[in-house]
Amino acid sequence: MSRVEVRPLEAADLAACGAMLAERHRRHRIAHPLLSPRFEDVDAAVAELTAVYETENASGAVAFRAGSPVGFLLGAPKTSPVWGPNIWVEAAGQAVTDAEVMRDLYGVAATRWVDEGRTAHYVIVPADDEDLVGAWFRLGFGQQHAHAIRPPEKVAATPLAGGLSVRRAVRADIPELARLDLELPMHHGLAATFSAGRVGTVEESLADWEDDIDNPEYATFVAERDGKVIGSAIGCALEKSSSHLSLALPDNAAFLAYAAVYAHARGAGAGRALGEAVIDWSVDSGFDSVVTDWRVTNLLSSRTWPRLGFAETFLRLHRTIGY
């Protein structure tokens, strides 16, 4: 096999790279047909890739073998301090004809990223491409997050434990909803996730809920046990999420955006019941699929959501340089 030549990605490369991206998405949809068919079209794939390329401080690399393009890698930073001095390769930011080429591409692209001080690297990879995921693992990346999808079908209802019920939230639930907003970030701060993300305050959440409780674009549910609220969940259209972009944004998809149960009330099925409620709402609302995501180190989410039929579509991989 002839040697791979790698250089920085240029605007003139976008058409050929978009064709590779469209082919990657076509293969991906064989495993996950609920993903949008739009991006199998080369023009649509090129448009997504161009949008990333034109993002401020975007950069990447393209690989050739015997003069023909065989892969590309393109990333751009996010301004949020949550992610550190970062670079993100989103769902439209990579494609290769040979997974091993990705290691060459990263070697060139990451040199610039690190020179710019961007040492926290995040990559969204198709979950079913074992060879590509393996190539990223051999670059020192590990899995941090999972995106997943399920069809718009109601779940066979699991019998609820005695005293447990789920209903739509009302304005009187705002104090409990505000406290429950803190449960997930607090849980992520513990083993095995150890997230350094900020935990807000009840006062901040109270103000948000006063504004949003009647917003028809969100469906909020609460779980009760013996008449006391012990958990909550939120459903909405996936477009409301900033984490599901371009090829990772199925058409007309609902989003299981949030679910949390107080620590003392876990283990009785409240989390699953809340997930079922959001899925049933999604079906009744006419969505074509339901999407969610989770930290894979969150042992509760990473076990509960697959049991509700969510199949992983994309993995977020992460590497911090210098440690």
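# Exercises on a predicted protein model

The secondary structure of this protein comprises nine helices and 13 strands. Its radius of gyration is 21 Å, close to the 20 Å that the globule rule gives for 323 residues, so the protein is as compact as a globular protein of that length. The model is a predicted one.

## Exercise 1. The whole chain

Task: State what span the C-alpha trace has along its principal axes, what percentage of the residues count as buried, and what area the protein exposes.

Solution.

Step 1. Begin with the extent. The C-alpha trace spans about 70 × 40 × 30 Å along the principal axes.

Step 2. Turn to burial. A residue counts as buried when its relative accessible area is under 20%. Of the 323 residues, 49% count as buried.

Step 3. Consider the surface. About 14,700 Å² is exposed, and carbon and sulfur atoms supply 53% of this area.

Step 4. Consider the contacts. Among those between residues at least 6 apart in sequence, 73% join residues at least 24 apart.

Step 5. Add the charges. There are 30 positive and 43 negative side chains, and the centres of the two sets lie 5 Å apart.

## Exercise 2. Strand S6 and its partners

Task: Determine which strands pair with S6, and in which sense, parallel or antiparallel.

Solution.

Step 1. Examine S4, which covers residues 86-89. S4 pairs with S6 (residues 120-126) in the parallel sense, over four bridges. Two of the partnerships can be named: Asn86 has Ala120 in S6 as its bridge partner, and Trp88 has Tyr122.

Step 2. Examine S13 (residues 311-320). This strand pairs with S6 in the antiparallel sense over seven bridges. Here the bridge partner of Val125 is Leu315 in S13.

Step 3. Examine how S6 is covered. Seven of its seven residues are buried. On one side stand Ala120, Tyr122, Ile124 and Pro126, and on the other His121, Val123 and Val125; both faces are covered.

Step 4. Apply the same inspection to S4. Asn86 and Trp88 point one way, Ile87 and Val89 point the other way, and all are buried.

## Exercise 3. The neighbourhood of strand S10

Task: Describe how S10 is joined to S9 and to S11, and identify the residue in the S9-S10 turn that has a positive phi.

Solution.

Step 1. Establish the first pairing. S9 (residues 218-225) and S10 are antiparallel, with eight bridges between them. Arg225 stands opposite Lys228 in S10.

Step 2. Describe the turn. S9 and S10 form a hairpin with two residues between them, and Asp226 in the turn has a positive phi of about 55 degrees.

Step 3. Establish the second pairing. S10 runs antiparallel to S11 (residues 253-261), and seven bridges join the two strands. Cys236 stands opposite Phe255 in S11.

Step 4. Assess the cover of S10 (residues 228-237). Eight of its ten residues are buried, and the strand is thus mostly covered.

Step 5. Inspect the loop between S10 and S11, which contains Ser246 and also Asn252. Ser246 has a phi near 45 degrees, a positive value in a residue other than glycine. Asn252, likewise not a glycine, has a positive phi of about 50 degrees.

Step 6. Classify these two residues. Ser246 counts as buried because its relative accessibility is 14%. Asn252 counts as partly exposed because its relative accessibility is 34%.

## Exercise 4. Two individual residues

Task: Decide whether Phe221 is buried or exposed, decide the same for Ser301, and list the contacts of each.

Solution.

Step 1. Locate Phe221. This residue lies in strand S9. Its relative accessible area is 8%, so Phe221 is buried.

Step 2. List its contacts, leaving out residues up to four places away in sequence. Phe221 touches, among others, Val166, Arg168, Gly231, Ala233, Leu274, Val278 and Trp281. Phe221 and Val278 are 57 residues apart along the chain, yet their C-alpha atoms are separated by 7.7 Å.

Step 3. Locate Ser301. This residue is found in helix H9 (residues 299-307). With a relative accessible area of 14%, Ser301 is buried.

Step 4. List its contacts. Apart from neighbours within four places in sequence, Ser301 is in contact with Trp294 and Pro306.

## Exercise 5. A cis peptide bond

Task: Find where Ala192 is placed and state the omega of the peptide bond from Ala191 to Ala192.

Solution.

Step 1. Ala192 is placed in the loop between helix H6 (183-188) and helix H7 (202-212).

Step 2. The bond from Ala191 to Ala192 has omega near 10 degrees and is cis.

Methods: Residues are numbered from 1 along each chain as its sequence is written. This is a predicted model: local features need pLDDT of at least 70, side-chain atom pairs count only at pLDDT 80 or more; totals for chains, interfaces and linings use all residues. Side-chain values use heavy atoms; hydrogens and water are left out. Buried means under 20% relative accessible area, exposed over 50%, partly exposed in between (1.4 Å probe, protein chains only). Two strands pair if DSSP finds at least two bridges between them. The radius of gyration is taken over C-alpha atoms; the globule rule is 2.2 Å times the number of residues to the power 0.38. Contact means heavy atoms within 4.5 Å. Accessible areas come from the Shrake-Rupley method with a 1.4 Å probe; for residues, only the protein chains shown count as cover. Lys and Arg count as positive and Asp and Glu as negative; His and the chain ends are not counted. The place of a charge is taken as NZ of Lys, CZ of Arg, CG of Asp or CD of Glu.
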